[in-house]
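Visitor: I should like to be guided through this protein by question and answer.

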Amino acid sequence: MPSRVEDILMGEETLFKNITAFNPDYIPENYLHRESQMEALALCLRPALKGGKPVNSVVLGSPATGKTTAIHKIFEMVEGRSEKLVCAYVNCQLYNTRFNIFSQIYQHIFGHIPPETGVPFSRIYGEIMKKLANEGKSLVVALDDINHLFYSKNANQILYDILRAHEVFPGVRTGVFAIISDIEFRYMLDKNVGSVFIPQEIVFDPYTFQEIKDILNDRVKVGFYPSVLSDDLLDEITEATLSTGDLRVGIDLLRTSGNFAEADASRTIQKQHLEQAMQDFDSHHLQDTINKLSGDEKNLLRLIIKVDDDMTAGGLFNLLKGEVPPEGKESDSKRNSISYASFDRALKKLEFVRLIDTRFTGKGVRGNSRLVILRFDSEEIEKVLD
Ligand SMILES: Nc1ncnc2c1ncn2[C@@H]1O[C@H](COP(=O)(O)OP(=O)(O)OP(=O)(O)O)[C@@H](O)[C@H]1O
């Protein structure tokens, strides 16, 4: 007798017209609401198409704001239209040594990866640059998640390798697009890399409610059969996505609620399927966000929870410094030594990952005083904070 498990595995009925539309590496045909960023990227590449040097840029925005997609799209457009510019994309999470990164660039140019052993870095580097010089081509390298090069302390060297190639290979024109999703590394880049890399900044702001809804709706049309998802449920998913600030959440909720509906042999996604998908998600998300914080950022978050009321940034800093220790909390020497710049960076980080909001009050020195507002229930956060 067929079991429910067999039904699930073998059932012919499906709500998904194209389930790959919900995969993390899916590149959407319609890339919506990023015209100004695409134009800014095009302006950086344009000089290279006319025989000049690409303009260096930093592509900055929180996770899932479409940075990687934008780079893939613009590179595809350029390489389809011009022989003058080579566009190489490198994921620095996967490739973070000099050798690995230049092997990726080499592969892009020569169509195959160089041998892993026996070939010195200088030879790969030289072959790349000579080919570019001989063929009169410029090179732009997109270093996605460049923060990983800071962990391996390779950022400086690799940027030098790329950007100062013309000193050894005259006539070679090179540029870098550095992609960052953690605001902390914007400062690191300034501090570490200095004058060789003075980039133009291209910011990918968080999407608005309507923008998220448009993008998700487009995905629904590609991924599901018609009428699988009602507009009301799409609104709910959009709202949940907006509150996390992460478009991947919305795409994931679409996929998981579709799966729950299918397991229920339902022809449409119902509210209970979405609720199941949300429960599944909630338990993982807050934990993930908090796990990724540094010690200082966690300390600040602990303090914000303890205060348990909206407070100004200045007031929080004073508490953190230990000038007015929070009730029942002994001041410790590490806290007392935190500088305002580090405090401000930690605060911006908490806002960036959307654990808090800050709002200008119009009071304080030059009207710059900010109110800090927790975006989650303090008990919920406390449970997760070890
Ligand atoms: N404007 C958009 N239109 C359609 N899909 C989008 C858009 N922006 C983002 N997406 C989708 O959201 C997901 C995340 O996008 P992407 O990987 O480009 O973001 P990212 O900013 O590079 O993220 P991260 O910083 O985490 O690497 C992908 O599935 C992508 O297809």
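The exchange below concerns domains, the ligand shell and a sheet.

Visitor: On what basis should the model be read?
Guide: This is a predicted model, in which local features need pLDDT of at least 70, side-chain atom pairs count only at pLDDT 80 or more, and totals for chains, interfaces and linings use all residues. Residues are numbered from 1 along each chain as its sequence is written.

Visitor: Which helix gives the largest share of the side of domain 1 that touches domain 3?
Guide: The domain assignment, automatic or from a database, places domain 1 at 4-23 + 207-291 and domain 3 at 295-384. Six residues of domain 1 are in contact (C-beta atoms, placed from the backbone, within 7 Å) with six residues of domain 3. Four residues on the domain 1 side, the largest share, come from one helix (a DSSP run of H or I, at least four residues), namely H13.

Visitor: Which domains each supply at least three residues to the shell around the ligand?
Guide: The ligand is surrounded by 19 residues (C-beta atom, placed from the backbone, within 6 Å), and Ser-181 is among the closest. Helix H3 (67-81) and helix H12 (247-263) each give two or more residues to this shell. At least three residues come from each of domain 1 and domain 2.

Visitor: Which strands stand at the edges of the open sheet of three strands?
Guide: Its order is E6-E8-E7, with antiparallel pairing (at least two DSSP bridges between strands; a strand is a DSSP run of E, at least two residues). Each edge strand has a single partner, so one side of each is left without a neighbour in the sheet; these strands are E6 and E7.

Notes: Two residues are in contact if their C-beta atoms, placed from the backbone, lie within 7 Å.
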